[in-house]
Amino acid sequence: MDLTQKTLENCIEEFLVYISSVRRLSDNTVTGYAEDFIHLKNFLGNERLVSQVSLEDLRMCIGELSRKKYSVTSINRFISALRGLFFYLKKFNIILKNPALELKTLRAPKHLPKFMTQTEVEQMCRIPREKELLWPMRDLAVFEMLYSSGCRVSELASLKFSDFTSDFSSAIVRGKGSKDRRVYFEKEARFALKRYLLERKQRFPQCEAGCPLYVENIFINQKGTMLTAHGIGFIVKTYSGVQGTNRPVTPHAFRHTFATTLLNNGADIRIVQELLGHSNISTTQRYTHVTTEHLIEVYKQAFPHSGN
């Protein structure tokens with residue numbers, strides 16, 4: 001078969017298999033690529049020959065996203081997906097020239113990470129004890145562990161019994177790029193986790209080790225199956241609307257709060273980078289802007305001649 005006669009549909013399917021099985025990218029990353037390519041196929045057509053796709057075609061496709069009011073972040077992610085696809089096609093000689101080489105990402109506005117105050121974290125952790133909403137002990141353990149470890153929500157959902165040390169003080173998580181790192185859980189988080197696991201055993205004995213329906217994942221839903229990242233997001237959203245905070249809270253806010261708390265208390269930024277699993281320290285440095293703003297605000301409130 002003449003490789004240059006391959007269709008967009010065929011090439012996208014092959015590329016998704018390649019990044020999943022050869023490059024071993026995470027399921028979430030592969031799913032993200034697949035979703036981005038839906039727009040590409042809708043715009044250019046499934047049967048379009050990849051050898052006929054031009055730089056102008058790709059720019060028009062990106063322009064369509066802009067007209068549809070997609071965010072800068074979403075458009076840049078789409079551009080990244082295009083670069084990955086056409087780099088692959090050129091590498092394996094399916095195309096003679098890479099039309100995506102000249103694509104430039106858009107300048108994204110700088111958004112500081114949204115974090116919670118210590119009071120808000122305490123309120124979020126208090127609500128499961130006071131309100132019978134979903135599964136209080138499990139939900140408290142989720143909150144405490146997100147805050148204590150700085151885990152991404154997908155990392156927490158994927159945690160298995162085998163990932164933990166015997167006393168549950170730390171665990172190995174697999175982050176972005178399939179990179180493993182160790183995260184830690186302080187006393188309150190361990191206490192909440194052990195109480196939840198006791199309840200789990202009582203409510204779903206069939207899901208325990210040695211049983212036919214054993215679920216290795218630490219967190220399960222109220223049907224006794226694995227609790228997904230989406231499920232954790234739903235839990236956080238439910239509680240943040242019940243006397244928790246004055247604004248919506250996401251699971252990622254716990255991660256932001258973890259980072260800013262460490263930096264506010266003098267932690268070295270390289271250590272914070274390692275704990276968060278950031279490959280680039282510039283990503284971690286966003287939190288220094290948050291802590292600097294916080295310090296300035298404290299200074300203005302505390303110093304009588306600050307100009308307020």
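Trainee: What makes the span of H4 agree with its 20 residues?

Mentor: In this predicted model, a rise of 1.5 Å a residue gives H4 an expected span of 28 Å, and its end C-alpha atoms are 28 Å apart, so the two agree. The expected span is 1.5 Å times one less than the number of residues.

Trainee: Which residues of H4 are called buried, and what covers them?

Mentor: Buried means under 20% relative accessible area. In H4 that applies to Ile-75, Asn-76, Phe-78, Ile-79, Ala-81, Leu-82, Gly-84, Leu-85, Phe-86, Tyr-88 and Leu-89. Their cover includes helix H1 (8-21), H2 and helix H3 (55-67). Just after H4, Asn-93 takes a positive phi of about 60°.

Trainee: How do you know whether H9 agrees with its expected span?

Mentor: The same kind of check works here. The twelve residues of H9 should span 16 Å at 1.5 Å a residue, and the end C-alpha atoms are 17 Å apart, which agrees.

Trainee: And what do the buried residues of H9 pack against?

Mentor: Gly-231, Ile-232, Ile-235, Val-236, Tyr-239 and Ser-240 are the buried ones. They pack against helix H5 (118-130), helix H6 (136-149), H7 and H10.

Trainee: Why is Gln-206 called partly exposed?

Mentor: Buried stops at 20% and exposed begins over 50%, with partly exposed in between. Gln-206 has a relative accessible area of 33%, so it is partly exposed. You will find Gln-206 in the loop between helix H8 (187-203) and H9.

Trainee: What does Gln-206 touch, leaving aside residues up to four places away in sequence?

Mentor: Gln-206 touches Cys-211, Pro-212, Leu-213 and Tyr-214. As for Gly-224, 18 residues along the chain from Gln-206, the two C-alpha atoms are separated by 8.7 Å.

Trainee: What makes S1 and S2 a pair?

Mentor: Two strands pair if there are at least two bridges between them. S1 and S2 have five bridges, in the antiparallel sense, so they meet the rule of at least two. Within the pair, Ile-172 stands opposite Arg-182, and Ala-171 stands opposite Val-183.

Trainee: Which face of S2 is covered, and what lies between the strands?

Mentor: Arg-181 and Val-183 form the covered face of S2, while Asp-180, Arg-182 and Tyr-184 form the uncovered one. The hairpin has five residues between its strands, and Gly-177 takes a positive phi near 70° there.

Trainee: How is empty space found, and what volume does the largest pocket have?

Mentor: Rolling a probe the size of a water molecule over the atoms shows where empty space is left. The largest pocket has a volume of about 1700 Å³. Of its 46 lining residues, Ser-26, Asn-28, Thr-29, Ser-154 and Lys-176 are the closest to the centre.

Trainee: Which element gives the most to that lining?

Mentor: H2 does, with seven residues. Elements that supply at least two residues each include H4, helix H7 (153-158), strand S1 (170-174) and helix H12 (281-302). By class, the lining has eleven nonpolar, 21 polar and 14 charged residues.

Trainee: How many helices and strands does the protein have, and how much of it is buried?

Mentor: There are twelve helices and two strands. Of the 308 residues, 42% are buried. Among contacts between residues at least 6 apart in sequence, 61% join residues at least 24 apart.

Definitions and conventions:
Residues are numbered from 1 along each chain as its sequence is written. This is a predicted model: local features need pLDDT of at least 70, side-chain atom pairs count only at pLDDT 80 or more; totals for chains, interfaces and linings use all residues. Side-chain values use heavy atoms; hydrogens and water are left out. On a 1 Å grid over the protein atoms alone, a cavity is a set of points where a 1.4 Å probe fits but cannot get out, and a pocket is an open set with protein on both sides within 12 Å along at least five of seven lines; lining residues have an atom within 4 Å of a point. Grid points are joined across faces, edges and corners, and a volume is the space filled by probe spheres set on the points. Helices (H or I, at least four residues) and strands (E, at least two) are DSSP runs, numbered from the N terminus. Ala, Val, Leu, Ile, Met, Phe, Trp, Tyr, Cys and Pro count as nonpolar, Asp, Glu, Lys and Arg as charged, and the others, Gly among them, as polar. Buried means under 20% relative accessible area, exposed over 50%, partly exposed in between (1.4 Å probe, protein chains only). Contact means heavy atoms within 4.5 Å.
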